[in-house]
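Open the model in your viewer, keep the sequence panel beside it, and follow the stops below in order. At each one there is something to select and a short account of what is found there.

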Amino acid sequence: MVILPLLAAAAATAAPAPDPARLKASVTALVGFGTRHTLSSATDPKRGIGAARTWAARQFESIGRDCGGCIKVERISRSFTGPRAPGGVVVEDVLGIQPGRDPNRVIIIGGHIDSRVTDVMNATADAPGANDDASGVALVLETARLLSKRRFDATIVYVAFSAEEQGLWGAELLADTAATRGWQVTAMLNNDIVGNSIGQGGMRDANRVRVFSEGIRASEDLPQQQRRRGEGGEDDGPSRALAKTIDGIADTIPGGFDVVVDRRPDRFGRGGDHEPFLKRGYPAVRFSVGAENWDRQHQDLRTEGGTVYGDTIEGMDFAYLAKVTAINAATIARLAAAPAAPASVGLVGDLSRDTQVSWTPVAGAAGYRIRWRANDTAVWSKSQDVQGNAATLRHVPVDDTFFAVSALAADGSESLPTFGGRAPRR
């Protein structure tokens, strides 16, 4: 049976609408700590990174109480030393963990709680960090509130990272923790600078958000990269598949808010907290606004020549932030309700007009969806739902077609699609 992509899973992604007022309250609270620089005080109860992290932990605890203990708070830490912390610093991440039926299959959503001004070593000046990245932390907290009372197959880890500005250390800490604990990371959603609709020079961009993703995995060695190149999978690695899935999910949400699949790991020459996860082979993407305002990023608070500099709350649009939050929540709801993606998909069809597709069975899958498209296009255009772990598509030649397979839950929730490559020869 051929069906429209994502139609069956649309109901499963539904979630309550995010509250712009609640998002604004969270950003206001974070700005109120004065600075959240990684090297600021970890012990002052009112000002600095330590007070901000304690506040975030209490927010997760409150959400957990409201859902009968469905979210557990954990604070993980490790000491890091580098050019932006030559004397060393203890980096701490604040986690809200919502256990699923499968404790090892994990979806991570995060934003960084630290902030900075022009001098990355200035740990004392006011650094409100409203958009960079109180917006991301507020989004994470709101997503936790929206999803906390639902029970999912996958475990959801909500995180406020520290030390993004000093070297992505908080993300490195959690990526290492995921590997040590043996988590199977289905997706990592990094939200960084997601709360403004007015960009540099007054440009208004209120109806789209960029989602950055790698094509070929950073974790692949040269033979793996060469194989992917030979199979034509440069645009279909796990992180790119995640970005395309997010784009499709956004289309099911009322309001006409567009996801731009930006085919880079991040903005040109820049980086973010998803990168340590990419290095370990986990599917990870970055959300960021359609138009950045650089006068409000990494700036000392000042006014020069009539231009206001500094990352203050006045530069934010909370209705816009709510729309980005809705896409994150819907994405997690779908992927957490779905089974894991097939570990591998193999194709046989050389010298034939037919293509044989086979895949690794997935525990708990109610069925599978084979997707295919002409290989001069980027979006899956046809699909067929099947049982078992193999099927033959008649008169669909492998030379001219790309294939993928996703796993389905009983309610239609769909995993990420796994791109099809050459099946092992016997």
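Begin by selecting Glu142, which lies in helix H3; helices here are DSSP runs of H or I with at least four residues, strands are runs of E with at least two, and both are numbered from the N terminus. Glu142 counts as buried because its relative accessibility is 0%, where buried means under 20% relative accessible area, exposed over 50%, and partly exposed in between, computed with a 1.4 Å probe on protein chains only. Before going on, note that this is a predicted model, in which local features need pLDDT of at least 70 and side-chain atom pairs count only at pLDDT 80 or more, while totals for chains, interfaces and linings use all residues. Residues are numbered from 1 along each chain as its sequence is written, and side-chain values use heavy atoms, with hydrogens and water left out.

Now show the surroundings of Glu142: leaving aside its neighbours within four places in sequence, this residue is in contact with Pro18, Asp19, Arg22, Leu23 and Thr325, contact meaning heavy atoms within 4.5 Å.

Stay with the helix and move back along it to Asp133, which is also found in H3, a helix covering residues 130–147. The peptide bond leading from Asp132 to Asp133 is cis, with omega near 5°. Most peptide bonds are trans, and most residues other than glycine have a negative phi.

Next, add helix H2 (residues 49–66) to the selection; the axes of H2 and H3 come within 10 Å and cross at roughly 10°. Such axes are lines fitted to C-alpha atoms, for helices over the stretch in contact, and the angles run from 0 to 180 degrees between N-to-C directions. H2 and H3 are therefore roughly parallel to each other, given that angles under 35 degrees count as roughly parallel, over 145 as roughly antiparallel, 65 to 115 as roughly perpendicular and the rest as oblique. On the H2 side the contact is made by Trp55, Ala56, Gln59, Phe60 and Ile63, and on the H3 side by Val140, Leu141, Ala144 and Arg145.

Two of these residues, Phe60 and Val140, lead to the next selection, Tyr158, which touches both of them. Other partners of Tyr158, not counting residues up to four places away in sequence, include Ile71, Val94, Leu95, Ile109 and Leu147. Tyr158 is, with Ile246 and Phe287, among the residues with the most contacts inside the largest nonpolar core, which has 62 residues. A nonpolar core is a set of buried Ala, Val, Leu, Ile, Met, Phe, Trp, Tyr and Cys residues joined through side-chain atoms within 4.5 Å. The largest share of this core, 11 residues, comes from helix H9, residues 318–337. Another core lies apart from it, with 26 residues, among them Ile97, Phe161, Ala175 and Ala284.

How do helices H7 and H9 pack? Select both, and see that H7 (residues 238–250) meets H9 at an angle of about 110°, with the axes 9 Å apart. That makes H7 roughly perpendicular to H9. The contact is made by Leu242, Thr245, Ile246, Ile249 and Ala250 of H7 together with Ile327, Ala330, Thr331, Arg334 and Leu335 of H9.

Turn next to two loops and their backbone. Ala163, in the loop between strand E4 (154–161) and helix H4 (164–167), has a positive phi of about 65° although it is not a glycine, and at 0% relative accessibility Ala163 counts as buried. Ile193, in the loop between E5 and E6, likewise has a positive phi of about 65° without being a glycine, and Ile193 is buried, with a relative accessible area of 2%.

Remain in that second loop, between strand E5 (184–191) and strand E6 (208–212), and select Asp205. Is Asp205 buried or exposed? At 9% relative accessibility, Asp205 counts as buried. Its side chain makes a polar contact with the side chain of Arg208 at 2.6 Å; a polar contact is a pair of N or O atoms within 3.5 Å, where within protein one must be able to donate a hydrogen and the other to accept it, and residues adjacent in sequence count only if both atoms are side-chain atoms. Leaving aside neighbours within four places in sequence, Asp205 is also in contact with Ser197, Gly290, Ala291 and Tyr320.

Finish at Ala410, in the loop between strand E16 (401–408) and strand E17 (418–419), which counts as exposed at 78% relative accessibility. Ala410 and Ala365 are 45 residues apart in sequence, and their C-alpha atoms are 7.6 Å apart in space.
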